[in-house]
Amino acid sequence: MGARLRSTRKDAGFASGRAFAHATGWQESKVSRIELGRQAASEDDIRIWCEKTSTQDQAPDLCGPLC
């Protein structure tokens with residue numbers, strides 16, 4: 001899942017995890033841990049990720065129908 005989220009981030013124009021972290025209000029390390037698979041993304045994290053990358057249509061596939 002981390003590689004897929006990284007791809008959506010880059011496709012949305014966030015060239016770095018730092019830029020994405022700034023846009024979400026998260027720590028840069030959180031973005032890195034999620035993308036590297038060292039931290040599981042919560043449903044809220046996935047929802048926010050999809051909102052910021054304009055990929056809301058992918059949210060149900062990433063975290064289930066509750067997203």
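Which side chains meet in a salt bridge at 2.9 Å, N to O? In this predicted model, the partners are Lys-30 and Asp-45. Lys-30 belongs to helix α3 and Asp-45 to helix α4, so this pair ties together parts that are 15 residues apart in sequence. Neither partner needs to be sought on the surface: Lys-30 is buried, with a relative accessible area of 18%, and Asp-45 is buried as well, at 8%. Lys-30 has a second neighbour worth a look, as it lies over the face of Trp-26, at 4.3 Å from the ring centre.

Asp-45 leads on to helix α4, which spans residues 43-52. The buried residues of this helix are Asp-45, Ile-46, Trp-49 and Cys-50. They cover an arc of only 130° around the axis, which means that they sit on the same side of α4. The spacing fits a familiar rule: an α-helix has 3.6 residues a turn, so residues three or four places apart point the same way. The cover over the buried residues of α4 includes α1 (2-11), α2, α3 (28-35) and α5 (59-63). Just after α4, Ser-54 adopts a positive phi of about 55°.

Salt bridges are the next topic. Side chains of opposite charge can pair when their charged atoms come close. The structure holds six salt bridges. One of them joins Asp-61 to Arg-4, with the closest N and O atoms 2.7 Å apart. This pair links distant parts of the chain, since Asp-61 is in helix α5 and Arg-4 in helix α1, 57 residues apart. Asp-61 counts as exposed because its relative accessibility is 56%, over the 50% cut-off. Arg-4, at 33% relative accessibility, counts as partly exposed.

Another salt bridge runs between Glu-35 and Arg-6, where the closest N and O atoms are 3.5 Å apart. Glu-35 lies in helix α3 and Arg-6 in helix α1, so the contact ties together parts that are 29 residues apart in sequence. Glu-35 counts as buried, with a relative accessibility of 9%, whereas Arg-6 counts as partly exposed at 24%. The pair also has company: Arg-6, Arg-9 and Glu-35 are linked in a network of salt bridges.

Aromatic rings offer a further set of contacts. A pair of aromatic rings is described by the distance of the centres and the angle of the planes. The structure holds four aromatic pairs. Among them, Phe-14 and Phe-20 form an edge-to-face pair, 5.1 Å centre to centre with 80° between the planes. Phe-14 counts as buried at 16% relative accessibility, and Phe-20 counts as buried at 0%. Phe-20 also pairs edge-to-face with Trp-26, at 6.1 Å centre to centre and 80° between the planes. Trp-26 counts as buried, with a relative accessibility of 14%. Ring pairs link Phe-14, Phe-20, Trp-26 and Trp-49 into a cluster. Two members of this cluster have already appeared above: Trp-49 is one of the buried residues of α4, and Trp-26 has Lys-30 over its face.

And what of His-22, buried or exposed? This residue lies in helix α2 (residues 17-24). His-22 is exposed, because its relative accessible area of 70% is over the 50% cut-off. The C-alpha atoms of His-22 and Leu-62 are separated by 22 Å, the two residues being 40 residues apart along the chain.

Note on methods
Residues are numbered from 1 along each chain as its sequence is written. Side-chain values use heavy atoms; hydrogens and water are left out. Helices (H or I, at least four residues) and strands (E, at least two) are DSSP runs, numbered from the N terminus. Buried means under 20% relative accessible area, exposed over 50%, partly exposed in between (1.4 Å probe, protein chains only). The arc is that of the directions from the helix axis to the C-beta atoms. Contact means heavy atoms within 4.5 Å. A salt bridge is a side-chain nitrogen of Lys or Arg within 4 Å of a carboxyl oxygen of Asp or Glu. Rings of Phe, Tyr and Trp (its six-membered ring) pair if their centres lie within 6.5 Å; planes under 30 degrees apart count as stacked, over 60 as edge-to-face and the rest as tilted. A charge sits over a ring if NZ of Lys or CZ of Arg is within 6 Å of the ring centre and within 35 degrees of the ring normal.
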